[in-house]
Amino acid sequence: MNKMVHFFKEASAVKLIVISIAIAVLSYFIQKPLPNIFMGLRLIAFLLFVYGTIRLLNKK
């Protein structure tokens with residue numbers, strides 16, 4: 001858990017945005033068979049995107 005928190009604190013904003021877009025794209029492939037996991041992945045992707053965007057805007 002500590003490594004994960006450290007990764008999100010130290011990762012660049014662009015890397016977080018790219019990871020969130022990748023998660024969102026991959027979640028479309030499991031939309032039909034596993035709708036609950038699809039919604040969870042979409043939520044995680046949204047939160048990562050917002051966090052990355054805020055970090056990107058705060059740097060400028």
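Which residues form a nonpolar patch on the surface here? Keep that in mind while I set the scene. This is a predicted model.

Now the patch. I21, V25, L26 and F29 belong to it, and so do L43, F46, L47, F49, V50 and I54. Together they have about 1000 Å² of accessible area. Two helices each supply at least two of these residues: α2, residues 13–27, and α3. Helix α3 gives the largest share, with six residues.

Take one member, L26. It sits in helix α2. Is L26 buried or exposed? It counts as exposed, because its relative accessibility is 55% and the cut-off for exposed is over 50%.

Next, helix α3 itself. It covers residues 35–59. Two positions on it are worth a stop.

First up, R55, which lies in this helix. R55 is buried, yet it has no salt bridge. Which side chain of opposite charge is nearest? That is E10, and it is 6.9 Å away. A salt bridge would need to be within 4 Å. What R55 does have is a backbone partner: a polar atom of its side chain lies 2.8 Å from the backbone oxygen of A11. Look beyond the neighbours within four places in sequence, and R55 is in contact with F8, K9, A11, A13 and L16.

Then K59, also in α3. K59 is exposed, because its relative accessible area is 60%. How far apart are the C-alpha atoms of K59 and A13? They are separated by 9.2 Å, while the two residues are 46 apart along the chain. A13 came up a moment ago, among the contacts of R55.

How values were computed. Residues are numbered from 1 along each chain as its sequence is written. This is a predicted model: local features need pLDDT of at least 70, side-chain atom pairs count only at pLDDT 80 or more; totals for chains, interfaces and linings use all residues. Side-chain values use heavy atoms; hydrogens and water are left out. Helices (H or I, at least four residues) and strands (E, at least two) are DSSP runs, numbered from the N terminus. Buried means under 20% relative accessible area, exposed over 50%, partly exposed in between (1.4 Å probe, protein chains only). Lys and Arg count as positive and Asp and Glu as negative; His and the chain ends are not counted. A polar contact is a pair of N or O atoms within 3.5 Å; within protein, one must be able to donate a hydrogen and the other to accept it, and residues adjacent in sequence count only if both atoms are side-chain atoms. Contact means heavy atoms within 4.5 Å. Patches are made of residues with over 30% relative accessible area and no salt bridge: like charges are joined within 9 Å, nonpolar side chains (Val, Leu, Ile, Met, Phe, Trp, Tyr) within 5 Å. Accessible areas come from the Shrake-Rupley method with a 1.4 Å probe; for residues, only the protein chains shown count as cover.
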